[in-house]
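Thanks for sharing this one. Here are a few notes to read alongside the coordinates.

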Amino acid sequence: MAKAGHAWSRAAAEQGEAEEGEDPLDARIARTGCLEQHRQLQECMAERRDWRHCQEQLRAFGACMARRQQRER
């Protein structure tokens, strides 16, 4: 299976498929300090396949990113 980039492919990668390198978007998110919240959101989306079922994770990621923006100002 070809690497799907940033899409909801993290779950497949964690099941043993080798990635060719770190996703550039994941690297940028890691620098924000919100990578764990992002991964939780990705995992929910991979499981549920419907963002409406992932509102808790979405809010947590959004709040983390908002805190990051506030610190930068």
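The points below cover two helices and the salt bridges, and please keep in mind that this is a predicted model.

1. Let's start with helix α3, residues 35–48. Its 14 residues should span 20 Å at 1.5 Å a residue, and the end C-alpha atoms are 20 Å apart, so the expected and modelled values agree.

2. The buried residues of α3 are worth a look on your screen: Leu 35, Gln 37, His 38, Leu 41, Gln 42, Cys 44, Met 45 and Ala 46. As a reminder, an α-helix has 3.6 residues a turn, so residues three or four places apart point the same way.

3. What happens to phi at Arg 49, just after α3? Arg 49 takes a positive phi there, of about 60 degrees.

4. The salt bridge count comes to 2. One of them links Asp 50 to Arg 52, with the closest N and O atoms 2.8 Å apart. Is each partner buried or exposed? Asp 50 has 17% relative accessibility and counts as buried because the cut-off is under 20%. Arg 52, at 57%, counts as exposed because that value is over 50%.

5. Another salt bridge joins Glu 72 and Arg 68, where the closest N and O atoms are 2.9 Å apart. Both residues belong to helix α4 (residues 55–72) and sit 4 residues apart, about one turn of the helix. Glu 72 is exposed, with a relative accessible area of 54%, while Arg 68 counts as partly exposed at 26% relative accessibility.

Definitions and conventions: Residues numbered from 1 in each chain as written. Predicted model: local features only at pLDDT ≥ 70, side-chain atom pairs only at ≥ 80, totals over all residues. Heavy atoms only, no water. Helix = DSSP H or I, 4+ residues; strand = E, 2+ residues; numbered from the N terminus. Expected span 1.5 Å × (residues − 1). Buried < 20%, exposed > 50% of the residue type's maximum accessible area, 1.4 Å probe, protein only. Salt bridge = Lys/Arg side-chain N within 4 Å of Asp/Glu carboxyl O.
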